[in-house]
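Got your viewer open and a cartoon view switched on? Let's walk through this one stop by stop, picking a few residues at a time.

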Amino acid sequence: MTPSRAAKKLTIVIPALNEQDKIADTIDGVLPLARELLDDFEIFLIDDGSTDSTGAIMDEFAAGEPRIVVQHNAEPRGVGAGFEYALSRAKFDAITLIPGDHAFQNEGIAQMFKAAGAADLVITYRDNQSDRSVNRSLQSHSLRFILNCLFGFWLSDYHSMIVYPVKWLRQIAVKADGYGYQICALISLLQLGLTYVQVPVSLNAELKGSSRALRLRTYLELGGTIVSLLRRVPIRHVDLSQIPDDAERAPAR
């Protein structure tokens with residue numbers, strides 16, 4: 001008798017700030033894949049203080065799908081704050097964040113959904129970053145190199161889409177609200193020794209223009225996140241005895 005597989009149930013967070021030209025494409029890509037590949041799901045759409053039609057578009061989708069919840073922030077609070085809002089309300093065992101700017105190709109999102117449950121963490125990595133602007137590509141490769149050298153996990157990417165285990169993520173204190181939230185959460189969980197698989201995904205063609213990721217504030221934010229991680233600030237008192245004995249622990253420094 002073939003053992004039954006674990007149900008794929010996922011909380012999906014889609015934050016957006018002034019993305020009226022892209023948010024519909026993002027949701028139109030995610031929603032049918034969730035319906036097809038997941039046993040159940042919920043989607044938190046985070047309107048992070050948008051001043052355009054982003055929030056109204058989100059409300060239209062929510063009107064047609066009861067599993068969609070929209071959170072409207074009066075002013076921008078950052079990606080991390082939106083993710084924490086959904087995490088505190090998530091009803092499923094796994095949670096992921098998909099950017100609302102239609103950054104990822106649907107095929108990669110599908111591969112991530114299919115891999116859900118294969119390990120404690122599903123870590124995707126962007127396999128076509130060289131197609132982006134030189135500055136964005138250099139920034140991403142440099143950040144990955146620095147994090148690999150400092151923490152020794154040697155991942156292919158630290159800031160792509162990730163499926164996190166809700167029960168473990170709720171037990172750590174993440175000291176970052178914006179761009180550094182995901183890096184802080186991921187490294188904190190890896191430091192606990194959770195298992196992971198890596199899955200390739202591809203980016204959609206990037207529109208020309210200034211990028212929020214290149215702002216001075218972002219660099220300062222990331223620097224603070226890395227310092228806090230090196231000091232192990234994010235780690236709370238976690239019952240490590242609950243981690244399975246046969247877990248393949250990632251190397252940590």
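**Stop 1: two helices side by side**

Start by selecting helix α1 (residues 23-37) and helix α2 (residues 54-64), which pack at an angle of about 25° with their axes 10 Å apart. Keep in mind that you're looking at a predicted model. Angles under 35 degrees count as roughly parallel, so α1 and α2 are roughly parallel to each other. Which way does α1 pass α2? The crossing is right-handed.

Now show the side chains where the two helices touch. On the α1 side, pick I23, A24, I27 and D28; on the α2 side, pick T54, I57, M58 and F61. Colour them by type and you should find six nonpolar residues, one polar and one charged in this contact.

**Stop 2: the sheet**

Next, hide the helices and look at the strands. Seven of them form an open sheet, and reading across it the order is β3-β2-β1-β4-β6-β5-β7. The pairing is mixed. Which strands sit at the edges? They are β3 (68-73) and β7, each of which pairs on one side only. Turn the sheet and follow its twist, which averages 20° from one strand to the next.

Zoom in on strand β1 (residues 9-16) and strand β2 (residues 40-48): they pair in the parallel sense over eight bridges. To spot one place where they face each other, select T11, which stands opposite E42 in β2.

**Stop 3: strand β5**

Now select strand β5, residues 121-126. Is this strand largely enclosed or largely open? Five of its six residues are buried, so β5 is largely enclosed by the rest of the structure.

Check its neighbours one at a time. With strand β7 (residues 196-201), β5 pairs in the parallel sense over six bridges; select L121 and you'll find its bridge partner, Y196, in β7. Strand β6 (residues 162-165) runs antiparallel to β5, and two bridges join them. Here V122 is the residue to click, since it stands opposite V163 in β6.

**Stop 4: a helix across the strands**

Finally, bring the helices back and select helix α7 (residues 181-191). This helix lies across β4, β5, β6 and β7, and it runs at about 55° to β6. Leave α7 and β5 highlighted together: the strand you just explored is one of those that α7 lies across.

Notes. Residues numbered from 1 in each chain as written. Predicted model: local features only at pLDDT ≥ 70, side-chain atom pairs only at ≥ 80, totals over all residues. Heavy atoms only, no water. Buried < 20%, exposed > 50% of the residue type's maximum accessible area, 1.4 Å probe, protein only. Helix = DSSP H or I, 4+ residues; strand = E, 2+ residues; numbered from the N terminus. Pairing = 2+ DSSP bridges. Axes fitted to C-alpha atoms, helices over the stretch in contact; angles between N-to-C directions. Contact = heavy atoms within 4.5 Å. Parallel < 35°, antiparallel > 145°, perpendicular 65-115°, else oblique. Left-handed = near helix turned anticlockwise from the far one by under 90°. Nonpolar A, V, L, I, M, F, W, Y, C, P; charged D, E, K, R; others polar.
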